[in-house]
Amino acid sequence: MTTEVDKDKAVTVVISAPKKMNVNGSNEKDKDRDREKEKDREAIVSIAKGTVGEGEDAVTVATQAALNQDAPNILVYKKMEAIVERMQGEEGGVSVRTIKAFMSKVPSVFTGADLIAWIMKNLSIDDVNEALHLAHLLASHGYLFPIDDHQLTVKNDGTFYRFQTPYFWPSNCWEPENTDYAVYLCKRTMQNKTRLELADYEAENLAKLQKMFSRKWEFIFMQAEAQSKVDKKRDKLERKVLDSQERAFWDVHRPMPGCVNTTEVDIKKAYRRGASSLGSGSSGTAGNSNPVEQLTRQIKLLKLKLERRTIKISKVAES
């Protein structure tokens with residue numbers, strides 16, 4: 001027989017046991033939640049560190065490199081860049097130095113005479129005219145430029161020149177738009193520097209672009225103002241170099257009147273590559289159609305030409 005006290009104990013035991021189980025279950029749930037939170041934190045930290053972005057950037061860089069390899073003049077660019085890299089080498093390269101002028105410094109320059117002497121010495125060229133021709137080609141494609149002139153030529157004298165940064169090399173297949181050019185010219189007007197004053201043809205281009213983009217000129221002006229503020233925070237000598245390199249980039253893609261535009265694609269190369277548009281730009285957007293379809297189309301055209309009857313004008317006149 002069980003007493004009332006024993007019944008109470010039994011009841012208390014039966015009731016207390018599930019309570020302990022509930023506590024243990026809630027602890028396990030809390031631990032699971034903490035683990036999930038830690039995983040979320042790790043994911044957020046990885047995104048903040050840029051691990052995901054780096055993968056995406058790598059993919060975009062790879063695709064851009066593949067597109068660049070498909071450019072029509074890529075072989076010429078690679079040969080030129082190999083020569084320029086030798087010129088910029090620390091050992092045996094062209095002597096680049098900072099010149100001290102009156103109340104100012106001219107950073108990272110070399111003379112035309114030094115350049116021609118290096119070409120004749122290191123590239124086994126005996127004729128000065130041939131060395132000048134090679135230097136002209138490098139300058140016209142934007143790999144080097146005079147610091148005080150919009151005309152991309154090289155003289156065998158004491159004129160100062162500067163190397164272009166690899167970011168602006170033509171092998172990167174730049175196709176700058178008119179809006180970018182408008183932002184650049186507008187930014188030049190905001191800086192009170194004699195070396196940054198617009199040339200006559202640049203002022204005319206700015207007026208044309210202002211008429212062309214009259215509806216969104218406020219947006220272009222805001223972009224130019226923001227870029228100008230960023231440039232003012234840079235070091236003085238660094239700003240000089242970057243301004244000259246940007247000017248040389250636009251001298252290649254928007255040359256002054258009378259100069260050759262080296263970014264235009266040769267019509268024969270574009271036709272061979274099946275390009276649909278032959279506008280300015282070094283990439284020359286080639287058609288990505290199937291070569292089998294191109295060949296079948298050419299065969300049909302040739303068959304039509306064979307079936308077409310041609311009569312000489314002299315025979316028609318006689319009849």
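**How are α6 and α8 oriented to each other?** They are oblique. The views below come from a predicted model.

**View 1. Overview of the predicted fold.** The protein contains twelve helices and four strands. Of its 319 residues, 31% are buried. Take contacts between residues at least 6 apart in sequence: 61% of them join residues at least 24 apart. Six salt bridges are present in the structure.

**View 2. Helix α6 against helix α8.** Helix α8 covers residues 217–232. The axes of α6 and α8 come within 8 Å. They cross at roughly 60°, and the two helices are therefore oblique to each other. The crossing of α6 past α8 is right-handed. On the α6 side, the contact residues are Ala 182, Val 183, Cys 186, Lys 187 and Met 190. Their partners in α8 include Trp 217, Ile 220, Phe 221 and Ala 224. Polar and charged names also appear on the α8 side, among them Gln 223, Glu 225, Gln 227, Ser 228 and Asp 231.

**View 3. Helix α6 against helix α7.** Here the axes come within 10 Å and cross at roughly 120°. α6 and α7 are therefore oblique to each other. α6 passes α7 in a left-handed crossing. Residues of α6 that meet α7 include Asn 178, Tyr 181, Leu 185 and Thr 189. Ala 182, Cys 186 and Arg 188 belong to that α6 set too. On the α7 side, the contacts are Tyr 201, Glu 202, Asn 205, Leu 206, Leu 209 and Met 212.

**View 4. The Arg 188–Glu 202 salt bridge.** Arg 188 and Glu 202 form a salt bridge, with 3.0 Å between the closest N and O atoms. The pair links distant parts of the chain, 14 residues apart. Arg 188 sits in helix α6 (residues 178–190), and Glu 202 in helix α7 (residues 200–212). Is Arg 188 buried or exposed? Arg 188 counts as buried, because its relative accessibility is 5%. Glu 202 is buried as well, at 2%.

**View 5. A salt bridge within helix α9.** Asp 251 and Arg 247 pair up, their closest N and O atoms lying 3.3 Å apart. Both residues belong to helix α9 (residues 236–253). They are four residues apart, about one turn of the helix. Asp 251 has a relative accessibility of 3%, so it counts as buried. Arg 247 is buried too, at 8%.

**View 6. The Arg 97–Asp 114 salt bridge.** The closest N and O atoms of Arg 97 and Asp 114 are 3.3 Å apart. Arg 97 lies in strand β1 (residues 97–101) and Asp 114 in helix α4 (residues 112–122), so this salt bridge ties together parts 17 residues apart in sequence. Arg 97 is partly exposed, at 35% relative accessibility. Asp 114 is also partly exposed, with a relative accessible area of 27%.

**View 7. A salt-bridge network.** Which residues are linked in a network of salt bridges? They are Lys 187, Asp 231, Arg 234 and Glu 246. Lys 187 and Asp 231 also appear among the contact residues of α6 and α8.

**View 8. Helix α11.** This helix spans residues 291–307, 17 residues in total. From first C-alpha to last, α11 reaches 25 Å. That is close to the 24 Å expected at 1.5 Å a residue. α11 is hardly covered, with zero buried residues among its 17.

Notes. Residues numbered from 1 in each chain as written. Predicted model: local features only at pLDDT ≥ 70, side-chain atom pairs only at ≥ 80, totals over all residues. Heavy atoms only, no water. Expected span 1.5 Å × (residues − 1). Buried < 20%, exposed > 50% of the residue type's maximum accessible area, 1.4 Å probe, protein only. Salt bridge = Lys/Arg side-chain N within 4 Å of Asp/Glu carboxyl O. Axes fitted to C-alpha atoms, helices over the stretch in contact; angles between N-to-C directions. Parallel < 35°, antiparallel > 145°, perpendicular 65-115°, else oblique. Left-handed = near helix turned anticlockwise from the far one by under 90°. Contact = heavy atoms within 4.5 Å.
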